[in-house]
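Reader: I am new to this structure and would like a friendly tour. Could we go through it together, step by step?

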Amino acid sequence: MHDDVANESRFQERIDSGEKIEPRDWMPERFRHQLIRMISQHAHSEIVGMLPEGNWITRAPSLRRKMALLAKVQDEAGHGLYLYSAAETLGVSREDLIDQLLDGSAKYSSIFNYPTLTWADVGVIGWLVDGAAIVNQTMLAKSSYGPYARANLRICKEENFHKKQGFEIVATLAAGTTEQRSMVQDAVDRWWWPSLMMFGPHDNDSPNTAELMRWGVKRRSNDDLRQHFVNITIPQAKAVGITIPDPELRYNEESGDWEFGAIDWDEFYRVIKGNGPCNAERMKARRSAHDDGRWVREAAAAYASRDTVAAEE
Ligand code: 3HC
């Protein structure tokens with residue numbers, strides 16, 4: 001018991017001095033549990049996040065738009081793989097993590113449970129969803145757990161392209177015909193509030209934030225990141241003549257913050273409990289992709305064991 005107390009205080013000293021915790025270092029079981037939860041859900045989010053946009057690859061309005069969207073969706077798959085690899089350094093298997101996604105016991109980001117109804121949604125996702133993800137992941141690139149910080153560093157390099165290609169679509173439509181302008185405004189009206197929900201509940205309602213910040217896993221709180229996202233996004237919306245669907249939005253000269261209205265937390269908890277507009281569709285797609293890919297996994301495992309069998313003969 002005494003050793004654990006000593007180990008915990010040594011661990012906290014390392015965190016407080018800004019050291020990175022690496023897989024082979026001593027860590028509290030709770031720290032390991034929290035990281036597995038957070039990193040695996042992040043990885044699940046990347047994989048499920050491919051679905052809403054993948055829906056538009058065959059319907060992109062030009063070859064250039066199709067190529068950019070293809071590259072982005074492929075990037076998201078890569079982000080998922082980096083993050084599953086980071087989670088595996090904590091002693092969990094990728095198969096178990098994916099089973100938890102498929103049986104519904106693990107979460108993925110609420111934002112991917114909304115439909116992509118028009119091409120403008122693809123632009124708005126790049127601008128708002130990836131924009132919010134960049135704010136979050138830039139912070140996580142400084143996380144105290146080495147493999148997670150390094151995974152987020154790589155992810156952020158690609159996210160900036162995702163946001164830029166999205167904002168270019170939004171700016172093009174906003175400067176287009178009346179139909180195009182109303183299409184992109186409609187998409188912003190539908191995606192704005194769910195994008196704010198990506199940052200999680202208010203700090204006072206977050207059971208995990210205080211502990212994650214004490215351990216340096218999160219360097220900024222949910223509300224702090226959300227406010228930063230709003231502050232940088234409003235001027236972008238104004239630059240292209242887009243209205244943010246929040247009548248209570250107002251600039252506070254003193255604080256420099258764009259103050260915004262109340263988030264519908266009933267909707268948030270409804271969605272994360274599995275009752276959002278597209279939860280069932282997303283899980284069905286993931287489960288059938290997993291079933292369809294069984295033969296590939298079996299063939300790869302057989303091939304890998306072929307080498308061991310040959311070595312034992
Ligand atoms: N969607 C789904 N669940 C959410 C959520 C959201 N937007 N926000 C919070 N939750 C869940 C948490 O997982 C937690 O449930 P759990 O304890 O059962 O896991 C509960 O709500 C309470 O929330 P907390 O704020 O206490 O939880 P965290 O401290 O974990 O903070 C988080 C939530 C901010 C999402 C944090 O987990 C995080 O930063 N995760 C890593 C980043 C991430 O997952 N981003 C998702 C988007 S990825 C993406 O956008 C890809 C891009 O390329 C498009």
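Author: Here is a short round of questions and answers on this predicted model.

Reader: How many helices and strands are there in the protein?

Author: Happy to start there. The protein has 313 residues. Its secondary structure comes to 13 helices and 2 strands.

Reader: Is the protein as compact as a globular protein of that length, or less so, and what is its radius of gyration?

Author: The C-alpha atoms fill a box of roughly 70 × 50 × 35 Å along the principal axes. For 313 residues the globule rule gives 20 Å, and the protein's value is close to that, so the protein is as compact as a globular protein of that length. Its radius of gyration is 21 Å.

Reader: What share of the 313 residues is buried?

Author: A residue counts as buried when its relative accessible area is under 20%. Gln34, in helix α2 (residues 29-48), is one example, because its relative accessible area is 1%. Over the 313 residues, the buried share is 48%.

Reader: How far apart in space are Gln34 and Pro235?

Author: Along the sequence, Gln34 and Pro235 are 201 residues apart. From C-alpha to C-alpha, the distance in space is 36 Å.

Reader: And is Ile125 buried or exposed?

Author: Ile125 lies in helix α6, and its relative accessible area is 3%. The cut-off for burial is under 20%. Ile125 therefore counts as buried.

Reader: How many salt bridges are there?

Author: Side chains of opposite charge can pair when their charged atoms come close. Here the cut-off is a side-chain nitrogen of Lys or Arg within 4 Å of a carboxyl oxygen of Asp or Glu. By this rule, the number of salt bridges is 18.

Reader: Which residue meets Lys72 in a salt bridge, with 3.0 Å from N to O?

Author: The partner sits in helix α6, while Lys72 belongs to helix α4 (residues 63-88), so the pair links parts of the chain 58 residues apart. Lys72 is buried at 1% relative accessibility, and its partner is buried too, at 4%. That partner is Asp130.

Reader: Which residues do shared salt-bridge partners join into one network?

Author: Lys72 and Asp130 form a salt bridge with each other. Salt bridges that share partners bring these two together with further residues. The one network consists of Glu53, Lys72, Glu76 and Asp130.

Reader: Asp121 and Arg190 also meet in a salt bridge; what is the N to O distance?

Author: This pair joins helix α6, which holds Asp121, to helix α8 (residues 178-197), which holds Arg190, across 69 residues of the chain. Asp121 is buried at 0% relative accessible area, whereas Arg190 is partly exposed at 22%. Their N to O distance is 2.7 Å.

Reader: With which residue does Arg282 form a salt bridge?

Author: Arg282 counts as buried, because its relative accessibility is 5%. The closest N and O atoms of the pair are 3.5 Å apart. The partner of Arg282 is Glu281.

Reader: To finish at the surface, which residues form a negative patch?

Author: One member, Asp103, lies in the loop between α5 (94-102) and α6 (119-140). With a relative accessible area of 51%, Asp103 is exposed, as exposure begins over 50%. The patch is made up of Glu95, Asp96, Asp99 and Asp103.

Technical notes
Residues are numbered from 1 along each chain as its sequence is written. This is a predicted model: local features need pLDDT of at least 70, side-chain atom pairs count only at pLDDT 80 or more; totals for chains, interfaces and linings use all residues. Side-chain values use heavy atoms; hydrogens and water are left out. Patches are made of residues with over 30% relative accessible area and no salt bridge: like charges are joined within 9 Å, nonpolar side chains (Val, Leu, Ile, Met, Phe, Trp, Tyr) within 5 Å. Accessible areas come from the Shrake-Rupley method with a 1.4 Å probe; for residues, only the protein chains shown count as cover. Lys and Arg count as positive and Asp and Glu as negative; His and the chain ends are not counted. The place of a charge is taken as NZ of Lys, CZ of Arg, CG of Asp or CD of Glu. Helices (H or I, at least four residues) and strands (E, at least two) are DSSP runs, numbered from the N terminus. Buried means under 20% relative accessible area, exposed over 50%, partly exposed in between (1.4 Å probe, protein chains only). The radius of gyration is taken over C-alpha atoms; the globule rule is 2.2 Å times the number of residues to the power 0.38.
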